[in-house]
Amino acid sequence: MNQVVIYPYENTIAVVIPCSTSGIPVHEIARKDVPAGVPFLIIDAAELPTDDTYRAAWTANFSTPDGVGIGADAWFAEQNGG
């Protein structure tokens with residue numbers, strides 16, 4: 001299963017494709033890479049439309065997210081015990 005993270009961004013859907021060799025769980029990658037306070041979903045990559053011609057029209061329901069981003073600065077501070 002190849003998972004990706006999606007989140008709302010400037011009237012569209014942003015997609016984060018985690019590096020499989022990072023050793024960081026996808027949920028932690030999402031917390032780090034999604035901007036602070038923004039909800040995210042972790043989905044199977046196969047769920048994304050294959051044609052991104054109309055990407056601006058993509059929608060997703062973030063009312064029950066898998067989590068909320070904290071941003072890179074806060075994530076790294078958290079990892080370093082601060």
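The following legends describe close-up views of a predicted model.

**View 1. Four strands form an open sheet.**
The sheet is built from 4 strands in the order 2-1-3-4, and the pairing is antiparallel. Strand 2 (12–16) and strand 4 (67–68) are the edge strands, as each of them pairs on one side only. Strand 1 (residues 3–9) is joined to strand 3 (residues 39–44) by 4 bridges in the antiparallel sense. Strand 3 also runs antiparallel to strand 4, and 2 bridges join these two strands.

**View 2. Individual residues face one another across the sheet.**
Between strand 1 and strand 3, the following residues can be located. Glutamine 3 stands opposite aspartate 44, which belongs to strand 3. Isoleucine 6 has leucine 41 of strand 3 as its bridge partner. On the way to strand 4, phenylalanine 40 stands opposite glycine 67 of that strand.

**View 3. Two residues with positive phi lie in the loop between strand 1 and strand 2.**
Glutamate 10 is found in the loop between strand 1 and strand 2. Its phi is near 45 degrees, a positive value in a residue other than glycine. The relative accessibility of glutamate 10 is 63%, so this residue counts as exposed. Asparagine 11 has its place in the loop between strand 1 and strand 2. Asparagine 11 is not a glycine, yet it has a positive phi of about 65 degrees. With 78% relative accessibility, asparagine 11 counts as exposed, because the cut-off for this class is over 50%.

**View 4. Helix 1 lies across the sheet.**
Helix 1 lies across strand 1, strand 2, strand 3 and strand 4, and it runs at about 145 degrees to strand 3. Which residues of helix 1 are buried? They are Val26, Ile29, Ala30, Arg31 and Lys32. The elements that cover these buried residues include strand 1, strand 2, strand 3, strand 4 and helix 2. A general property of helices helps in reading this view: an α-helix has 3.6 residues a turn, so residues three or four places apart point the same way.

**View 5. Helix 1 packs against helix 2.**
Two packed helices are described by the angle between their axes and the distance between the axes. Helix 1 and helix 2 (residues 72–79) pack at an angle of about 125 degrees, and their axes are 6 Å apart. The two helices, helix 1 and helix 2, are therefore oblique to each other. Helix 1 contributes Glu28, Arg31 and Lys32 to the contact, while helix 2 contributes Ala72, Trp75, Phe76, Glu78 and Gln79. Of the residues in the contact of helix 1 with helix 2, 3 are nonpolar, 1 is polar and 4 are charged.

**View 6. Arginine 31 and lysine 32 are buried residues of helix 1.**
Arginine 31 is found in helix 1. The relative accessible area of arginine 31 is 15%, so the residue is buried; the cut-off is under 20%. Not counting residues up to four places away in sequence, arginine 31 touches Phe40, Val68, Gly69, Ile70, Gly71, Trp75 and Glu78. Lysine 32 has its place in helix 1 (residues 26–33). With 15% relative accessibility, lysine 32 counts as buried. Again not counting residues up to four places away in sequence, lysine 32 touches Gly71, Ala72, Trp75 and Phe76. Trp75 is thus touched by arginine 31 and by lysine 32.

**View 7. Tyrosine 7 and tyrosine 9 form an aromatic pair.**
A pair of aromatic rings is described by the distance of the centres and the angle of the planes. The structure holds 2 aromatic pairs. In the pair shown here, the rings of tyrosine 7 and tyrosine 9 have centres 6.4 Å apart and planes at 75 degrees, so the pair is edge-to-face. Tyrosine 7 counts as buried, with 10% relative accessibility, whereas tyrosine 9 is partly exposed, with a relative accessible area of 42%.

**View 8. Tryptophan 75 and phenylalanine 76 form an aromatic pair.**
What are the distance of the centres and the angle of the planes for the rings of tryptophan 75 and phenylalanine 76? The centres are 5.1 Å apart and the planes are at 85 degrees, so the pair is edge-to-face. Tryptophan 75 is buried, with a relative accessible area of 7%. Phenylalanine 76 counts as partly exposed, at 42% relative accessibility.

Technical notes:
Residues numbered from 1 in each chain as written. Predicted model: local features only at pLDDT ≥ 70, side-chain atom pairs only at ≥ 80, totals over all residues. Heavy atoms only, no water. Buried < 20%, exposed > 50% of the residue type's maximum accessible area, 1.4 Å probe, protein only. Contact = heavy atoms within 4.5 Å. Pairing = 2+ DSSP bridges. Axes fitted to C-alpha atoms, helices over the stretch in contact; angles between N-to-C directions. Parallel < 35°, antiparallel > 145°, perpendicular 65-115°, else oblique. Nonpolar A, V, L, I, M, F, W, Y, C, P; charged D, E, K, R; others polar. Phe/Tyr/Trp six-rings, centres within 6.5 Å; stacked < 30°, edge-to-face > 60°.
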